[in-house]
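Let's take a walk through this model, starting with an open space and working out to the backbone oddities.

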Amino acid sequence: MKSMTIRVVLKSVLVLGVMSSFGISGAYAAYPDKAVKYIIPFAPGGESDIAGRFQQLVFRKKFNQELIVESKPGAGGALAWSQTNTFPGDGYTWMSTNLPHLVLQPLEGQVQYKTEDINNVCFYHYTPDAIVVRSESPYKSYQDLVKAAKDVPGAVTIAGSGTNSANHLATERFNGVAGVKTTYVPFKGTGDLVASLLGGHVSMAMSYVTLAIAQKSKTRMLAVATEKRHPQFPDVPTFKELGIDWVDGAYRGIALPKSASVEVRKQVSDICLDINKDADFQKRMADGGFELVDIGVDKMAAFMAERTKVYTEAAKRMGLLK
């Protein structure tokens, strides 16, 4: 009996050693043991899709399992989010989530979910707001754009991803700080709006640094909502340099169905944050214009409370709240 016990212990140590060599901690010993479905509530080609596929590469490397990215666009993300709690809570269905979408959309009252229905377990990055025009645009600077918007109110058209989204919020913010009136044109996702921008069908895009990097040879960025100038765009001023207090963007994370246990929520949260630590992932995200953050399940309540306060105040300016 004693020798059998020793053999079992040695076997356990060996297994843990092999797992460790593949970057798998003891906490994940039984999870994941099969493919995980990762639902992206926007069309392929946008920031959520790109970041998800970067995560997919690390997930496969760490766990020798597939993270299957599945696009489910509709209603600016609301279609997929309204279905989140219909999936099993076993940790094998992840839902990509976005802020401020999850706060602003329910305030409008036209979606089939409430902010508190979404069980976020991590937020892992944000993309800074940016004003982007095509290379052939007559607007060479932020000041040129503002002048045109003031000369003919409503004539400047601004492409953005979704209604009551980060891009929509940023557009209303621009109207307020610049003292102008523009026309917001919502698209299903970043991939769709790029064609319209490059085709000259809209005056500009209220998007992110990520789009400016991806379309660097075909576009020009006029301003960016970061603390300091972005290293890939040293000639582009920040909003702060333009005298505007604006450092913000869209946050993206992962949610699970509410039926997920506390243990499963913690496992997925830890995996999300572990992926952020991967050197290859960090480089891909930095090169793409994504800013990493580490908001795990333990910090979620405070983070959501702070963000909800900010977005609720913005919603008043957008007319979503009286």
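Strand 4 (119-134), helix 6 (166-178), strand 9 (249-256) and helix 11 (300-318) each put at least two residues into the lining of the largest pocket. Keep in mind that this is a predicted model. Helix 11 gives the largest share of that lining, six residues. The pocket holds about 250 Å³ of space, and 18 residues line it. Leu 169, Arg 173, Asp 248, Val 310 and Tyr 311 are the ones nearest its centre. Sorted by class, the lining has 11 nonpolar, one polar and six charged residues.

**Trp 246 and Glu 241**

Arg 173, one of those central pocket residues, also turns up among the contacts of Trp 246. Trp 246 sits in the loop between strand 8 (219-224) and strand 9. Is Trp 246 buried or exposed? It counts as buried, because its relative accessibility is 0% and the cut-off for buried is under 20%. Besides Arg 173, the residues touching Trp 246 include Ala 170, Phe 174, Val 177, Met 206 and Phe 239, leaving aside residues up to four places away in sequence. Trp 246 and Arg 173 are 73 residues apart in sequence, but 9.0 Å apart in space, C-alpha to C-alpha. There is a polar contact too: the side chains of Trp 246 and Asp 129 are joined at 3.1 Å.

Glu 241 is also in the loop between strand 8 and strand 9. Glu 241 is partly exposed, because its relative accessibility is 46%, and partly exposed covers what falls between under 20% and over 50%. Glu 241 touches Arg 229 and Val 236, not counting residues up to four places away in sequence. Its side chain reaches the backbone nitrogen of Thr 238 at 3.0 Å. For a sense of scale, Glu 241 and Gly 289 are 48 residues apart in sequence and 20 Å apart in space, C-alpha to C-alpha.

**The nonpolar cores**

The largest nonpolar core has 29 residues, and Leu 99, Phe 123 and Tyr 251 touch the most other members. Two or more residues of this core come from each of helix 3 (78-81), strand 3 (93-99), helix 4 (101-108), strand 4, strand 9, strand 10 (291-295) and helix 11. Helix 11 again has the largest share, this time seven residues. Leu 99 touches both Phe 123 and Tyr 251, and its other contacts include Ala 166, Phe 303, Met 304 and Tyr 311, again leaving out residues up to four places away in sequence. A second, separate core has 27 residues, among them Phe 54, Leu 67, Cys 272 and Ile 275.

Leu 67 is also one of the residues that Gln 56 touches, along with Ile 68 and Val 69, not counting residues up to four places away in sequence. Gln 56 lies in helix 2. Gln 56 is buried, because its relative accessible area of 14% is under 20%.

**The enclosed space**

How many cavities of 30 Å³ or more are there? The count comes to one, with about 90 Å³ of space in it. Its lining has 13 residues, and Phe 42, Glu 47, Ser 48, Ser 161 and Thr 190 lie nearest the centre. Helix 2 (residues 47-63) gives the most to this lining, with three residues. By class, the lining residues are three nonpolar, seven polar and three charged.

Thr 190 is also part of helix 7 (residues 190-198), where Thr 190, Leu 193, Val 194, Ser 196 and Leu 197 are buried. Just after helix 7, Gly 200 takes a positive phi of about 80°.

**Backbone oddities**

Two cis peptide bonds and two positive phi values outside glycine are worth a look:

| Site | Feature | Value |
|---|---|---|
| Tyr 31 and Pro 32 | cis peptide bond | omega about -5° |
| Leu 99 and Pro 100 | cis peptide bond | omega about 15° |
| Asn 64 | positive phi, not a glycine | phi about 55° |
| Ala 75 | positive phi, not a glycine | phi about 55° |

Where do these sit? Pro 32 lies in the loop between helix 1 (2-21) and strand 1 (36-40), while Pro 100 lies in the loop between strand 3 and helix 4. Asn 64 is in the loop between helix 2 and strand 2 (67-71), and Ala 75 is in the loop between strand 2 and helix 3. Asn 64 counts as exposed because its relative accessibility is 68%, and Ala 75 counts as exposed at 61%; the cut-off for exposed is over 50%.

Definitions and conventions:
Residues are numbered from 1 along each chain as its sequence is written. This is a predicted model: local features need pLDDT of at least 70, side-chain atom pairs count only at pLDDT 80 or more; totals for chains, interfaces and linings use all residues. Side-chain values use heavy atoms; hydrogens and water are left out. On a 1 Å grid over the protein atoms alone, a cavity is a set of points where a 1.4 Å probe fits but cannot get out, and a pocket is an open set with protein on both sides within 12 Å along at least five of seven lines; lining residues have an atom within 4 Å of a point. Grid points are joined across faces, edges and corners, and a volume is the space filled by probe spheres set on the points. Helices (H or I, at least four residues) and strands (E, at least two) are DSSP runs, numbered from the N terminus. Ala, Val, Leu, Ile, Met, Phe, Trp, Tyr, Cys and Pro count as nonpolar, Asp, Glu, Lys and Arg as charged, and the others, Gly among them, as polar. Buried means under 20% relative accessible area, exposed over 50%, partly exposed in between (1.4 Å probe, protein chains only). Contact means heavy atoms within 4.5 Å. A polar contact is a pair of N or O atoms within 3.5 Å; within protein, one must be able to donate a hydrogen and the other to accept it, and residues adjacent in sequence count only if both atoms are side-chain atoms. A nonpolar core is a set of buried Ala, Val, Leu, Ile, Met, Phe, Trp, Tyr and Cys residues joined through side-chain atoms within 4.5 Å.
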